[in-house]
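Reader: I would like to learn how to read a structure step by step. Could you take me through a few features, giving the general idea before the particular case?

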Amino acid sequence: MSAPPDASEPPDRPLPDEWSIPRIVRTMVPLLAVLSVLQLISGTVLQTYEATLVQYPALLVLVPVQIGTAGNLASITCSRLTTQLHLGTYELSLSNPELRANAGAVFALAGTVFGVVGIAAWAIGLALGGALGLGRVLLVSLSSGMLLAGLVVVTSVAAVEASYRVGLNPDDTTIPVVTNVCDIAGVLILFAVVTLVV
């Protein structure tokens, strides 16, 4: 009778090619290079609104929080979609209950989080001498946040679909893509709403 395998010993089997270091590096280097250039554009856009941000401290508080929250929501959504893809339960269809549940969760989280963020930004802006009222700050936060939630759902699904169709591992590509898109679009959406509301 042979001895049972030692559970502390790692299994002696080769890693799949898609998990190899050369393949991950070949996939990520050009992708991260392009995304870095897009981040520079985002920073340039943000600089053009410097005077508005200095005038209204509440908006200055909103910028990093909104962008970061949208990126977090996008990362969560991509992780869940990618897990479904690996499990074979993912299907791009409006009748897919898991897909609808993920989209609904993103909008529910956005409505909750961006409401709280708006109140906090108003309070901090007031303490810093800002003149924007609570209603306007909440309107800016919730409007731009819900638009970002729609962007999160669309870009997450598109990133998973595109990665799968071109043969790339969605684990490597989707989160960097959607978080960078949210960074750039978050700035543009926020200041488009600010232009209309403030």
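Author: What follows is a conversation about helices, cysteines and a cavity in this predicted model.

Reader: Let me begin with helix 1; what length should residues 21–48 span, and what distance separates the end C-alpha atoms?

Author: Helix 1 has 28 residues, and because each residue is taken to add 1.5 Å, the helix should span 40 Å. The C-alpha atoms at its two ends are 40 Å apart, so the expected and the computed values agree.

Reader: Where does helix 1 have a kink, and which proline comes shortly after it?

Author: The kink is at Met28 and amounts to about 25°, with the proline Pro30 shortly after that position. Met28 is also one of the buried residues of helix 1, and the others are Thr27, Leu35 and Ser42.

Reader: How does the same reasoning about length work out for helix 3, residues 57–87?

Author: For the 31 residues of helix 3, 1.5 Å a residue leads to an expected span of 45 Å, and its end C-alpha atoms lie 46 Å apart, which agrees. Helix 3 also bends by about 25°, at Val63, and Pro64 is a proline that follows within four residues. After the end of helix 3 comes Gly88, a residue with a positive phi, near 80°.

Reader: I would next like to understand the cysteines; how many disulfides does the structure hold?

Author: In general, a disulfide is a covalent bond that joins the sulfur atoms of two cysteines. This structure holds 0 disulfides.

Reader: Why is there no bond between Cys78 and Cys182?

Author: The cysteine sulfur closest to that of Cys78 belongs to Cys182, and because the two are 8.6 Å apart, they are too far for a bond; the cut-off for a disulfide is 2.5 Å. Cys78 is buried, with a relative accessible area of 0%, and Cys182 is likewise buried, with a value of 0%.

Reader: Finally, how many cavities of 30 Å³ or more does a search of the whole structure find?

Author: The general idea is that a probe the size of a water molecule, rolled over the atoms, shows where empty space is left. Here the search finds 1 cavity of 30 Å³ or more, and the volume of the largest cavity is about 30 Å³.

Reader: Which residues line the largest cavity?

Author: The lining is made by Ala58, Trp122, Gly125, Leu126, Gly130, Ala131 and Leu132. Helix 4, residues 97–127, gives the most to this lining, with 3 residues. By type, the lining residues are 5 nonpolar and 2 polar, with no charged residue.

Terms used
Residues are numbered from 1 along each chain as its sequence is written. This is a predicted model: local features need pLDDT of at least 70, side-chain atom pairs count only at pLDDT 80 or more; totals for chains, interfaces and linings use all residues. Side-chain values use heavy atoms; hydrogens and water are left out. On a 1 Å grid over the protein atoms alone, a cavity is a set of points where a 1.4 Å probe fits but cannot get out, and a pocket is an open set with protein on both sides within 12 Å along at least five of seven lines; lining residues have an atom within 4 Å of a point. Grid points are joined across faces, edges and corners, and a volume is the space filled by probe spheres set on the points. Ala, Val, Leu, Ile, Met, Phe, Trp, Tyr, Cys and Pro count as nonpolar, Asp, Glu, Lys and Arg as charged, and the others, Gly among them, as polar. The expected span of a helix is 1.5 Å times one less than its number of residues. The bend at a residue is the angle between axes fitted to the seven residues ending there and the seven starting there. Buried means under 20% relative accessible area, exposed over 50%, partly exposed in between (1.4 Å probe, protein chains only).
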